[in-house]
Amino acid sequence: MTDQSLRRVDELLTELVEQVETARAMPMSSSCVLPRERILDMLDELREVLPPEMDEARRILASRDSLLHEAYGEASTAREKANEQAAAIIGEAEGRAVELVHDAEVQAYQIVEQGKVEHATLVSATTIHQSAARSAAELREHTDQQVRDLQQAAEDYSDALRTEADRYAADTRVDAERYATKLISDSEEYADRTLYEMAVTLSRAASTAEQGRIALAQRRRDGVPGGDVYDAAAAADGDEPGEEPSPEATEDAETADERVSA
């Protein structure tokens with residue numbers, strides 16, 4: 001709230017108090033007659049001078065749920081993407097393992113068949129057959145080991161992706177909640193500061209109105225039929241109209257201001 005807005009609020013409150021103080025009293029009653037249109041105009045202007053940031057603070061508080069929802073959505077999307085990548089890698093690894101096994105079986109079959117042919121044509125068929133069988137067994141063992149390594153690597157990569165996705169989701173959720181908490185704290189701090197300023201201004205206006213009421217009561221007790229309200233208020237404080245306030249009155253006013261500020 002700017003200094004100009006505060007001054008305008010103070011001017012409007014002062015004018016409202018003056019309207020009440022100078023209003024024509026109703027006979028045989030403590031009520032008075034006020035200009036309705038002027039009072040309503042001043043109240044409308046007072047509403048317009050109030051800071052628009054209060055509505056902005058309400059909108060920020062209302063957007064907290066949408067921010068959290070958006071963070072949860074991003075985390076879910078990241079997790080789904082990680083699962084899809086892991087499934088694709090596992091599928092590719094399994095396909096590669098099937099191809100390796102198939103190639104190994106084909107090679108083993110070819111070696112065995114070649115050994116059979118050589119066994120039929122050579123005298124040392126037994127040695128050749130044993131060599132082919134040993135080579136086929138070694139090839140199969142090597143192929144099985146490659147398949148196991150590929151499957152383990154695919155599982156490790158899938159676990160790493162899931163861990164990273166969960167960490168990213170947790171970090172995103174924490175950041176969103178921290179940001180929402182900061183927005184709420186800033187909004188509440190601004191609202192508290194604004195309400196404090198308004199409370200100080202209204203307290204000062206109430207003090208001014210109370211001094212006017214005291215002055216009116218003093219004027220009635222003194223039997224003054226008319227005159228300036230300021231002069232009556234000055235008379236109630238013990239000062240003559242047009243003179244400087246007494247030190248006691250100045251000290252009382254400062255004490256009242258200190259109480260309002262406290």
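**Entry 1: where two helices touch.** I began with the contact between α1 and α2. On the α1 side I found S5, R8, V9, L12, L13, E15, L16 and Q19, and they meet R38, I39, M42, L43, E45, L46 and V49 of α2. I then sorted the residues of this contact by character: nine are nonpolar, two are polar and four are charged. I noted for myself that this is a predicted model.

**Entry 2: how the pair is arranged.** Next I looked up the two helices themselves. Helix α1 covers residues 3-21 and helix α2 covers residues 36-49. Their axes come within 10 Å and cross at roughly 160°. Angles over 145 degrees count as roughly antiparallel, so α1 is roughly antiparallel to α2. I also checked the hand of the crossing, and it is left-handed.

**Entry 3: the whole protein.** Then I stepped back from the pair. How many helices and strands does the protein have? I counted seven helices and two strands. Reading along the sequence, I wrote down the pattern α-β-β-α-α-α-α-α-α. In that pattern, the two strands sit between α1 and α2.

**Entry 4: contacts along the chain.** I wanted to know which stretches of sequence the contacts bridge. Taking contacts between residues at least 6 apart in sequence, I found that 67% join residues at least 24 apart.

**Entry 5: inside and outside.** Last, I looked at burial and surface. The protein has 262 residues, and buried ones make up 23% of them. The area the protein exposes is about 18,400 Å². Carbon and sulfur atoms supply 52% of that area.

Note on methods: Residues are numbered from 1 along each chain as its sequence is written. This is a predicted model: local features need pLDDT of at least 70, side-chain atom pairs count only at pLDDT 80 or more; totals for chains, interfaces and linings use all residues. Side-chain values use heavy atoms; hydrogens and water are left out. Axes are lines fitted to C-alpha atoms, for helices over the stretch in contact, and angles run from 0 to 180 degrees between N-to-C directions. Helices (H or I, at least four residues) and strands (E, at least two) are DSSP runs, numbered from the N terminus. Angles under 35 degrees count as roughly parallel, over 145 as roughly antiparallel, 65 to 115 as roughly perpendicular and the rest as oblique. A crossing is left-handed if the near helix is turned anticlockwise from the far one by less than a right angle, and right-handed if clockwise. Contact means heavy atoms within 4.5 Å. Ala, Val, Leu, Ile, Met, Phe, Trp, Tyr, Cys and Pro count as nonpolar, Asp, Glu, Lys and Arg as charged, and the others, Gly among them, as polar. Buried means under 20% relative accessible area, exposed over 50%, partly exposed in between (1.4 Å probe, protein chains only). Accessible areas come from the Shrake-Rupley method with a 1.4 Å probe; for residues, only the protein chains shown count as cover.
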